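This report introduces a single model to a reader who has not met it before. Please look over the sequence and the structure first, then read on.

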Amino acid sequence: MTVPARPLVLGGIVQATVLLLLGATVGLGAAGWLAGIVFAAGTWTLLGRSLEHHHGHRWGHADTVTFGRLILTGGVIALTADAVAGNTHHVALIGLAAVSLACDGLDGQIARRTGTTSEFGARFDMEADSVLAIALSVYLGTTLGWWAVGIGLFRYAYVLASYPMPWLNGALPPRFSRKVVAASQGAVLVVTSAGLLPVPLAQACIAVSIASLVWSFGKDVRWLWQRESLRREAPWWSGSRQAEPAATTV
């Protein structure tokens, strides 16, 4: 099945418009233009491949909202690259990040109300959250110290770890605390990036957020390892190789 070209084309036009507007207003430097263009090219390539993989997926309003958040994040990434190069545009960066964060959850509500929830939509939303988190954590690294980048690296470190340990790709049970940690991560990143807190307090907030991520990811890894251990220990003749502990929502 062919990939729906209209969202990709329109999204590309909007992303180019965002970068052009930033260039005309705040004045993007070479680093910002390069980062914005590379991000757009990489995003559109990966999104096209993902749509090919989920060939039965029909693009809906929720996907458009998520795409819009990702496009705003493209602007954040361009401005972050400029900040790393020493050319900071603080107000524009925080404005784009705040709007993107404010729309987080809206796509999920739309999908549920319209009955268009899907595996693609859930993954798309998660990737949009992760990209914004890594962009803001890099921006924080320019002011609070590069250790702050750790808050945005957790998910990507988890993905890398899943290659030698494929059992990490197992389905996880729903857990409310995981949602709380993920939501608080975005809020902490935007608030601390906005410079609303004294530096020591901002650093403390980032440290607490990283600690909560360690706890949350650790809890998930432990659950997956227990399931994998049961699968390995089950006798081959018992037919229970897929045995796993009961799902918990705590």
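## Confidence of the model

What is the mean pLDDT of the chain, and what share of its residues reach 70 or more? The model is a predicted one. Its chain has a mean pLDDT of 86, and 91% of the residues reach 70 or more.

Confidence is highest in helix α3, at 93, and lowest in helix α5 (residues 106-114), at a mean of 86. Over residues 240-250 the pLDDT is below 50. Beyond near neighbours in sequence, that stretch nevertheless has 29 contacts in the model.

## The nonpolar cores

The largest nonpolar core consists of 45 residues. Within this core, V76, L136 and I206 have the most contacts. At least two core residues come from each of the helices α1 (5-25), α2 (30-53), α3 (61-84), α4 (90-102), α6 (119-144), α8 (176-193) and α9 (199-233). Helix α6 gives the most, with eleven residues.

Leaving aside residues up to four places away in sequence, I206 touches L140, L144, W147, A148, I151, V188, L189 and T192. A second core, separate from the largest, has five residues, among them Y158, W167, W223 and L224. In soluble globular proteins, nonpolar side chains tend to be buried together.

## Helix α1: a buried residue and a surface patch

L19 has its place in helix α1. Is L19 buried or exposed? Its relative accessibility is 5%, so L19 counts as buried. Not counting residues up to four places away in sequence, L19 is in contact with L28, W33, G36, I37, G74 and A78. One of these partners, G74, is 55 residues from L19 in sequence. In space, the C-alpha atoms of L19 and G74 are 8.2 Å apart.

Helix α1 also contains I13. Together with V9 and L10, I13 makes a nonpolar surface patch of about 270 Å².

## A buried threonine in helix α3

T80 lies in helix α3. Why does T80 count as buried? The reason is its relative accessibility of 4%, since buried means under 20%.

Which residues does T80 touch, if those up to four places away in sequence are not counted? They are L93, A135, V138 and Y139. Helix α3, where T80 lies, is also the helix in which confidence is highest, at 93.

Key:
Residues numbered from 1 in each chain as written. Predicted model: local features only at pLDDT ≥ 70, side-chain atom pairs only at ≥ 80, totals over all residues. Heavy atoms only, no water. Core = buried A, V, L, I, M, F, W, Y, C linked by side-chain atoms within 4.5 Å. Buried < 20%, exposed > 50% of the residue type's maximum accessible area, 1.4 Å probe, protein only. Helix = DSSP H or I, 4+ residues; strand = E, 2+ residues; numbered from the N terminus. Contact = heavy atoms within 4.5 Å. pLDDT = per-residue confidence, 0-100. Patch = residues over 30% accessible without salt bridge, like charges linked within 9 Å, V, L, I, M, F, W, Y side chains within 5 Å. Areas by Shrake-Rupley, 256 points an atom, 1.4 Å probe, with all protein chains shown as cover. Salt bridge = Lys/Arg side-chain N within 4 Å of Asp/Glu carboxyl O.
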